[in-house]
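Reader: I would like to test the labels put on this structure. Take me through the reasoning behind each one.

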Amino acid sequence: MSKISDAILTASGLALLLMPLHASAGTLDVPKDAVIAAQVIDDLVLEGESGRRDDILLRPVSGLDDATHELPEYCVVVGDARQDGDRLRIAAKALTCIETDGGDSDIYSGDISAAAYELDGSYGLAVCDAGRCELPSDHVFHLKLASRLEIEEQDNPSARINEQRRQADGAGVANPIPAERPDPDSD
C-alpha cells in the first residue's frame, strides 16, 4: 500500500510540475534551471561577416515532454542570436506574457535570462553549415533559465475599462444605458 501511495504522490507532483504556469498572487514565477520549449516566430537566417541578429522574437511551445515548465499561452520572448562555429547561440533577454481567464487578462512584462539548447541537451542550436545558419520557425528547442524569473503583474487599463463596460446597471462610465428616446424613423 505504501508503494502505491508513494507512486500516486510522485505522479501528482510530476503532473503539477508539468502543468502550465499560472501566475499566482499577481506574480509570474519560474525557478532557476527551468526548461521551457520554444520556437522562433519567423524563420531566421544568419550569414556573412556579422553572423548576429538582435531582438529576434520567440514563442513558447506547449505540451513538450522534455520541458519542465510552460509559460502562459500568449507570450513573446525577445532574444539575440549569433553564430558561433557550427552552432547558433540564442540568449533570451525579455518577455511579455498575457494570461487570460475568461474576459479577464493579466499582463507580465520583464527581463529573462535564458539560453537556447537543443532537445538533446547540447548548448546552442545545430542549424549552421558553411558560415550560414538557418533556423526554421517549426524547429523546437529549449530555453534554460539561468536565473529565477519573477515578474509582478503590470497595470492593465483595458481590464478596468472592460469591467466598467460589464456593469449591468448602466453605471459604468464607458457603457451607460442609453436614455429611452422615440425612434425618429417610426411614425
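Author: What follows sets computed values against their cut-offs, one label at a time.

Reader: What kind of model is this?

Author: This is a predicted model. The protein chain has two helices and eleven strands. Along the sequence they run α-β-β-β-β-β-β-β-β-β-β-β-α.

Reader: How many disulfides are there, and what makes a pair count as one?

Author: The count is two disulfides. The cut-off is 2.5 Å between cysteine sulfur atoms. Cys75 and Cys97 have their sulfurs 1.9 Å apart, so this pair passes the 2.5 Å limit. For Cys128 and Cys133 the S to S distance is 2.0 Å, so that pair passes the limit too. With the bonded cysteines numbered in sequence order, the pairing reads 1-2, 3-4.

Reader: Why is the disulfide of Cys75 and Cys97 called right-handed or left-handed?

Author: The torsion about its S-S bond is about 115°, so the Cys75 to Cys97 disulfide is right-handed. Cys75 sits in strand E5 (residues 74–84) and Cys97 in strand E6 (residues 87–101), so the bond ties together parts 22 residues apart in sequence.

Reader: And what is the handedness of the Cys128 and Cys133 disulfide?

Author: Its S-S torsion is about 100°, so this disulfide is right-handed.

Reader: How do you know whether the four cysteines are buried or exposed?

Author: Buried means under 20% relative accessible area. Cys75 has 6% and Cys97 has 0%. Cys128 has 12% and Cys133 has 1%. Each value falls under 20%, so these cysteines are buried.

Reader: How much of the whole chain is buried?

Author: Buried residues make up 32% of the 187 residues. The accessible surface of the chain comes to about 11700 Å². Carbon and sulfur atoms hold 50% of that surface.

Reader: Is His139 buried or exposed, and why?

Author: His139 has 19% relative accessibility. The limit is under 20%, so His139 counts as buried. This residue is in the loop between strand E9 (132–135) and strand E10 (141–145).

Reader: What makes the pairing of His139 with Glu118 a polar contact?

Author: The side chains of His139 and Glu118 meet at 3.1 Å. The limit for such N or O pairs is 3.5 Å, so the distance qualifies. Beyond four places in sequence, His139 touches Ala38, Gln39, Glu118 and Val127.

Reader: Which residues does Leu46 touch, and is Leu46 buried or exposed?

Author: Leu46 has 3% relative accessibility, so it counts as buried. It lies in strand E3 (residues 44–47). Leaving out residues up to four places away, its contacts include Gly51, Ala81, Leu88, Gly131 and Cys133. The C-alpha atoms of Leu46 and Glu134 are separated by 6.7 Å. Along the chain those two are 88 residues apart.

Reader: What share of the chain's contacts links residues 24 or more positions apart?

Author: Among contacts with a separation of 6 or more, that share is 63%.

Reader: Why is the pair Glu47 and Arg132 called a salt bridge?

Author: The closest N and O atoms of Glu47 and Arg132 are 2.8 Å apart. The cut-off is 4 Å, so the pair qualifies. Glu47 lies in strand E3 and Arg132 in strand E9, so the bridge ties together parts 85 residues apart in sequence. Glu47 has 47% relative accessible area and Arg132 has 30%. Buried stops at under 20% and exposed begins over 50%, so both residues are partly exposed.

Reader: How do you know that Asp84 and Arg82 make the list?

Author: Their N to O distance is 4.0 Å. The rule says within 4 Å, and the pair is counted as a salt bridge. Asp84, at 34%, is partly exposed, and so is Arg82, at 36%.

Reader: How many salt bridges are there, and which residues form a network?

Author: The structure holds ten salt bridges. Arg52, Asp54, Asp55, Asp80 and Lys93 are linked in a network. One of the bridges joins Arg52 to Asp54, with closest N and O atoms 3.0 Å apart.

Reader: What makes the nonpolar surface patch, and how does Val76 qualify?

Author: Ile41, Leu57 and Val76 make a patch of about 210 Å². Patch residues need over 30% relative accessible area. Val76, in strand E5, has 34%, so Val76 clears that bar.

Conventions:
Residues are numbered from 1 along each chain as its sequence is written. This is a predicted model: local features need pLDDT of at least 70, side-chain atom pairs count only at pLDDT 80 or more; totals for chains, interfaces and linings use all residues. Side-chain values use heavy atoms; hydrogens and water are left out. Helices (H or I, at least four residues) and strands (E, at least two) are DSSP runs, numbered from the N terminus. Buried means under 20% relative accessible area, exposed over 50%, partly exposed in between (1.4 Å probe, protein chains only). Contact means heavy atoms within 4.5 Å. Accessible areas come from the Shrake-Rupley method with a 1.4 Å probe; for residues, only the protein chains shown count as cover. A polar contact is a pair of N or O atoms within 3.5 Å; within protein, one must be able to donate a hydrogen and the other to accept it, and residues adjacent in sequence count only if both atoms are side-chain atoms. Patches are made of residues with over 30% relative accessible area and no salt bridge: like charges are joined within 9 Å, nonpolar side chains (Val, Leu, Ile, Met, Phe, Trp, Tyr) within 5 Å. A salt bridge is a side-chain nitrogen of Lys or Arg within 4 Å of a carboxyl oxygen of Asp or Glu.
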